[in-house]
Structures are given as C-alpha cells and as structure tokens.
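Ready for some practice? Have the sequence and the 3D structure open, and work through each exercise before you read its solution.

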Amino acid sequence: MTVHSRPELMRTIDVDRIKAAIAAAESAASGEIRVSVSRFFWGSVRRAAERAFVRMGMTRTKDRTGVLFFIVPARKKFIVLGDEGIHAKVGQEFWDCVAGLMSEHFRKGEFTEGLVEAIGEAGRQLAAYYPCDPTIDLNELADDVDFGEN
C-alpha cells in the first residue's frame, strides 16, 4: 500500500496501537516518545523535524531523553530524532538502525507495525540507560500521535 498524504496515513495507522506502544515503552524508561505526522512542505525534513521537536516540548524533558518519530507521508520520508541525553548514550548508528526497521515495514505498507517495532526498540534503549523509577517519573508529554504543523 502506498500512502501519499497525511489523511491517508491517518486512516491507515492504528493510533491506539501506537499509543499503547508508547505507553509500554515509557513504563520501563524515564524518557518520552512522540510520533508526529506532518503535512506536505518544501525544504529540509530534518529541520522540520527539529522544529516539531521544539514545538512539541520535547527539549524540556528532565533528562533530555525525548525521541521523535517524524513522518512526512507526501514526501515518503521520515526521521527519528533523539534528544541530547539519549543521543549521547546510543549515537547516530542506533537511530539509523531504528530507521532501517521502520523502512522495512513502511515499504510493505505496514505503517503501524513499523512504528510499533521502532518505538519498542527506542524504549528498550531508553530503559537500558534511563530506567523508570515509578516513585519519581512522570509522563511529561502526551502519548497521542501528533497531526499538527511541523
């Protein structure tokens, strides 16, 4: 299945499964994971993802452990961004690996599966370096899929 627009992807993905994957990943880790589906735009996908990262409050997490999955369906592009706390621990190679997992699924039209698997992998790495302490950890950001502006 080829998805060419944000509305098509919105109808294709199972938002509840993605939210459940985010909640499960965050239950084991002191980190925040978000998914954003962008409208079409010209310009750099990375810069748009970085703007979304800031707009969504991801730079304000306690340990700078936010992870953003930023998808631009109309351009068939996505990027995975980790804030400086988690990026310093896992490095760019990890984000490239996560992107590879997503790409395999996305090529087959398995958008929900790709996101769920990638979210799980990001959660495992967050938990390895920033395990959850239920006595002090809060859910700092919403688990909803963001369909806002980039």
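**Exercise 1.** Find the residue that stands opposite Val35 in S4, then work out how S4 fits into the sheet.

*Solution.* Step 1: Opposite Val35, in S4, you will find Val145. Step 2: S1 (residues 32-37) and S4 run parallel and are joined by 2 bridges; two strands pair if DSSP finds at least two bridges between them. Helices (H or I, at least four residues) and strands (E, at least two) are DSSP runs, numbered from the N terminus. Step 3: The open sheet has 4 strands in the order S3-S2-S1-S4, and its pairing is mixed. Step 4: S3 and S4 (145-146) are the edge strands, each pairing on one side only. Step 5: Helix H2 (residues 15-27) packs on the sheet and touches S1 and S4, its direction making about 160° with that of S1. Here contact means heavy atoms within 4.5 Å, and axes are lines fitted to C-alpha atoms, for helices over the stretch in contact, with angles from 0 to 180 degrees between N-to-C directions.

A word on the source: this is a predicted model, where local features need pLDDT of at least 70 and side-chain atom pairs count only at pLDDT 80 or more, while totals for chains, interfaces and linings use all residues. Residues are numbered from 1 along each chain as its sequence is written, and side-chain values use heavy atoms, leaving out hydrogens and water.

**Exercise 2.** Decide whether Asp83 is buried or exposed, and locate it.

*Solution.* Step 1: Asp83 is in the loop between strand S3 (77-82) and helix H4 (84-107). Step 2: Its relative accessibility is 4%, so Asp83 counts as buried (buried is under 20% relative accessible area, exposed over 50%, partly exposed in between; 1.4 Å probe, protein chains only). Step 3: Leaving aside residues up to four places away in sequence, Asp83 touches Phe53, Met58, Thr59, Thr61, Arg64, Thr65 and Gly66.

**Exercise 3.** Classify the ring pair of Phe40 and Trp42, then that of Phe78 and Phe106.

*Solution.* Step 1: Rings of Phe, Tyr and Trp (its six-membered ring) pair if their centres lie within 6.5 Å; planes under 30 degrees apart are stacked, over 60 edge-to-face and the rest tilted. Step 2: For Phe40 and Trp42 the centres are 5.0 Å apart and the planes at 85°, so this pair is edge-to-face. Step 3: Phe78 and Phe106 are also edge-to-face, with 5.3 Å centre to centre and 70° between the planes. Step 4: Because Phe78 lies in strand S3 and Phe106 in helix H4, the pair ties together parts 28 residues apart in sequence.
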